[in-house]
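Got the model open in your viewer? Here's a tour of what to select, stop by stop.

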Amino acid sequence: TEQGHLVRHFRGRFTHVGADRELRTKTPQLVASPDGSLALVTTRGVSIVENGQFTSFTDAAATDSLGMESGYGGAVRRLDGSIWIATPGRGVWRIANGKLEDITPPALRGHELWRVAADTHGRLWVSDTGAVWIEDHGFREVREADGPLTNVTAFRYDSRGDRMWMLGREATYVATGTVARSVTRFTGGT
């Protein structure tokens, strides 16, 4: 919910999922995977829900918090089943083989990451206030001819055109690989 609660709808009933199932914090991000499992990225870490059971992942370096806030950061499940998490101020984390680890590349250290998405090729797309990166054998910045893409808050992949559409606060962009162009500019207001 908007308040960060997790609610399950099953057989016509809504049930609040909370401390009785070991969820003791707000849930700003929820990622579903084709196998039916869910990844919950909360203000205090990450849990995987499979068959109604939570498995929590922690890392000493995470100091009990990945710094997730409602509306910022995010998580995606990659083609290999690993879960990649972009956090504001804490970098990029991965859950693979039962381990949570910080895998932030040097290019993204210290950035307040806003969003993360994966396309059908398995590439990651990550944004912050001043740039967008694509991860395809390393992270590279996605740019227009006249500069970086700014304030991107949403990604949608178009497999027919093999391109990523990105909604920013000032423009809508479309990119193929690291080359982007603005298709709409917004003026006035916020």
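Start by selecting residues 91–96 and 99–102: these are strands β9 and β10, running antiparallel and joined by 4 bridges. Keep in mind as you click around that this is a predicted model. For one rung of the ladder, pick Ile95, whose bridge partner in β10 is Leu100. Now look at the turn: β9 and β10 make a hairpin with 2 residues between them, and Asn97 there has a positive phi of about 55 degrees.

Zoom out to the sheet around this hairpin. It is an open sheet of 4 strands in the order β7-β8-β9-β10, with antiparallel pairing. At the edges sit β7 (74–77) and β10, each pairing on one side only. Direction ignored, neighbouring strands in this sheet are turned by 20 degrees against each other on average.

Over at the other edge, select β7 together with β8 (residues 83–87). These two strands are antiparallel and share 4 bridges. Which residue in β8 is the bridge partner of Gly74? Click on Ala86 and you have found the partner.

While you're in this part of the chain, show the side chains of Arg78 and Trp84. Arg78 lies over the face of Trp84, 4.5 Å from the ring centre. If you go hunting for aromatic pairs, the count comes to 0.

Next stop, the cores. Select Trp125, Val132, Val142, Leu149, Val152, Phe155 and Met166: within the largest nonpolar core, which has 15 residues, these have the most contacts. Colour β13 (132–135), β16 (152–158), β17 (163–168) and β18 (171–176) as well, since each supplies at least two residues of this core. A second, separate core has 13 residues, including Ala86, Ile103, Leu108 and Val116.

Back in the largest core, centre on Met166. Setting aside neighbours within four places in sequence, Met166 is in contact with a list of residues that includes Trp125, Val132, Leu149, Val152 and Phe155. Also among the contacts of Met166 are Ala171, Thr172, Tyr173, Val174 and Ala175.

Now move to Ser127, in strand β12 (residues 124–127). Is Ser127 buried or exposed? Ser127 counts as buried because its relative accessibility is 0%. Display what surrounds Ser127: beyond its neighbours within four places in sequence, its contacts include Glu112, Leu113, Trp114 and Arg115, along with Val132, Trp133, Val152 and Phe155.

From there, hop to Asn151, in the loop between β15 (147–148) and β16. Although Asn151 is in a loop, this residue is buried, with a relative accessible area of 14%. Draw a C-alpha to C-alpha distance from Asn151 to Gly168: you should get 5.1 Å, for a pair 17 residues apart in sequence. Sequence neighbours within four places aside, Asn151 is in contact with Trp114, Asp128, Thr129, Leu167, Gly168, Arg169 and Glu170.

Finish with two backbone oddities. Most residues other than glycine have a negative phi. Arg11 isn't a glycine, yet its phi is positive, at about 50 degrees. You'll find Arg11 in the loop between β1 (6–10) and β2 (13–17), and at 74% relative accessibility Arg11 counts as exposed.

The other one is His137, with a positive phi near 60 degrees. Look for His137 in the loop between β13 and β14 (139–144). With a relative accessible area of 80%, His137 is exposed.

Notes: Residues numbered from 1 in each chain as written. Predicted model: local features only at pLDDT ≥ 70, side-chain atom pairs only at ≥ 80, totals over all residues. Heavy atoms only, no water. Core = buried A, V, L, I, M, F, W, Y, C linked by side-chain atoms within 4.5 Å. Buried < 20%, exposed > 50% of the residue type's maximum accessible area, 1.4 Å probe, protein only. Contact = heavy atoms within 4.5 Å. Pairing = 2+ DSSP bridges. Phe/Tyr/Trp six-rings, centres within 6.5 Å; stacked < 30°, edge-to-face > 60°. Lys NZ or Arg CZ within 6 Å of the ring centre and 35° of its normal. Axes fitted to C-alpha atoms, helices over the stretch in contact; angles between N-to-C directions.
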